[in-house]
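Here is a short report for a first look at this structure. Start with the view below, then read on.

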Amino acid sequence: MPDVQDGRSTGGASTAVIQSDMHAQIITYLLLGTIIVNSNCFPGTKDAPPASRIVFKHGKVSGDYERFKTLLKAFEKNNPGIVVEDEALPASTDEQHQFYVINFEGGRADFDVVSMDVIWVPEFSRAGWLLDITDMLSEKEKAEFFPGPIRAVTYRNRLYAVPWYIDAGLLFFRKDLLAKYGLSPPETWQDLVSSSLLIMSTEPGVHGFIWQGKQYEGLVCNALEYLWSNNGDVLRGERVAINSPENIRALRFMRDLIARYGVSPSLVTTSSEEPCRHIFGNGRAVFMRNWPYAWNLFNAEKSPVKGRVGITTLPSFRKGASQPVLGGWQLGINRHTKHPAEARALVRFLTSPESQKMLFLAAGYYPARKSLYRDRELMLQQSFLPELYRLFMKARPRPVTPYYMMLSQVLQPEFSAVVAGLKTPEDALASAQKQIEHILEAEYDQ
Ligand code: GLC
């Protein structure tokens, strides 16, 4: 993708459209009206048995929770006799994962519908924790979703979840500051360093580049974007390929951003998505790596950076290509649910085009359904949807395997030690190589 937003190749003509919150709200209510009045939107949801209470677990909603809640109310209205209790877990994917592992292992049946990170579904499916819902989507219906998430929710040719919303790593930048210094959005990591240094030299109190460097899954996503954009990788086929010169160089660069160039403050070594969003959202950074959800929040009515933010593809190393990580969340059903029909109705409702559209307007979550990227109302809210569509099509999945979290648990402390300056990239990657080889040998022997 050449450029998501103004700058680079679009010649600055397409200033990202920032519509007012009020506009978004009007659309939300109109849409909600459609959802409630037209209950035929959700076939099969009317025959649910009476007075069932189902529990829907999901991560903390980053946008307008009340509007998110309205969506669940619309479901209840369409499905008299089903009451949905939604229970929010912490925003951190690792903490949510831990909750599910403990509770699924204990065979708990006190939650029915679960929202899952794209990286967990193979693990949960193999463990037998999810209901097989293969019959919920025909091949034709599957083709309506982005292919990456569909691959991630399919295990041994069976479907275990339905894609809910999609994510990919993006570079946010302050277009007012870039314009002031006559700069274009950076295409290479080195360009990003030079532009940051130039702006920081005359804008006191402004950080150059902030990103997620805390020891958690978000750091693995960030690091993979450097490795991949330098032609490196973790696995090549069944071979462990983490200890390579490309990866050493990419990882060293991450540390250099803090220690050598000084464009990233050392606080990035303890930052996850939300702290980064707050710093950038308060106007205290030129560049930020984050997921697309932050866009709506930056352009909300009282945001200090409203109208001053651009987004573009992540940079790459000179000999590599930009390679954003695929993220996103999927809805599945606890195998021990006592209310499978009601749970299926809720999954069908929340993953319908109408609900995904509403979720975008309420919480800034990007639809996992492709057709919505041509939706006129959504385009009004977000002028660069077609570019995001291309970005989501090419976003690269982390290894799709039931043992992904084991790999991540090796990578998290090793990457963190490099970023914090406690280990050299050479030592960290040699250690990761050994540990991952060990895990895979054990897996293949099973
Ligand atoms: C976002 C992504 C998810 C990723 C997580 C890392 O929630 O959607 O896939 O694992 O961030 O923090």
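A polar contact is a pair of N or O atoms within 3.5 Å. Keep that cut-off in mind for the ligand. The model shown is predicted.

## The ligand and its contacts

What lies 2.8 Å from an oxygen atom of the ligand? An N or O atom in the side chain of R398 does. This pair is a polar contact, because 2.8 Å falls within the 3.5 Å limit.

Two further side chains reach ligand oxygen atoms. D167 places a polar side-chain atom 2.5 Å from an oxygen atom of the ligand. For W329, the distance from a polar side-chain atom to an oxygen atom of the ligand is 3.1 Å. On its own, the ligand has 310 Å² of accessible area, and the protein covers 92% of that.

## The pocket and its shell

Where does the ligand sit? It occupies the largest pocket. The ligand is surrounded by 13 residues. The closest are D117, D167, E273, G328 and R398.

Which elements each supply at least two residues of this shell? They are α9, spanning 217-228, and β13, spanning 326-333. The largest share comes from β13, with three residues.

## Cysteines

How many disulfides does a search of the whole structure find? The count is zero.

Two cysteines can be placed by their accessibility. C221 has 2% relative accessibility, so it counts as buried. C276 has 1%, so it counts as buried too. The cut-off for buried is under 20% relative accessible area.

## A buried loop residue

N79 belongs to the loop between α2 (65-78) and β2 (82-89). Is N79 buried or exposed? Its relative accessibility is 1%, so N79 counts as buried.

N79 also pairs up in space with a distant part of the chain. A345 is 266 residues away along the chain, yet the C-alpha atoms of N79 and A345 are separated by 8.6 Å.

## Two loop residues with positive phi

R156 is not a glycine, but its phi is positive, near 50°. It is found in the loop between β4 (154-155) and β5 (158-159). At 67% relative accessibility, R156 passes the 50% mark and therefore counts as exposed.

N231 is another residue other than glycine with a positive phi, near 65°. Its loop runs between α9 and β9 (235-236). Why does N231 count as partly exposed? Its relative accessibility is 41%, and partly exposed covers the range between the 20% and 50% cut-offs.

Definitions and conventions
Residues numbered from 1 in each chain as written. Predicted model: local features only at pLDDT ≥ 70, side-chain atom pairs only at ≥ 80, totals over all residues. Heavy atoms only, no water. Disulfide = S-S within 2.5 Å. Buried < 20%, exposed > 50% of the residue type's maximum accessible area, 1.4 Å probe, protein only. Near = heavy atom within 4 Å. Polar contact = N/O pair within 3.5 Å; in protein donor to acceptor, adjacent residues only side chain to side chain. Areas by Shrake-Rupley, 256 points an atom, 1.4 Å probe, with all protein chains shown as cover. 1 Å grid on protein atoms, 1.4 Å probe; cavity = no way out; pocket = protein on both sides within 12 Å on 5 of 7 lines; lining within 4 Å. Sits in = over half its atoms within 2 Å of the grid points. Helix = DSSP H or I, 4+ residues; strand = E, 2+ residues; numbered from the N terminus.
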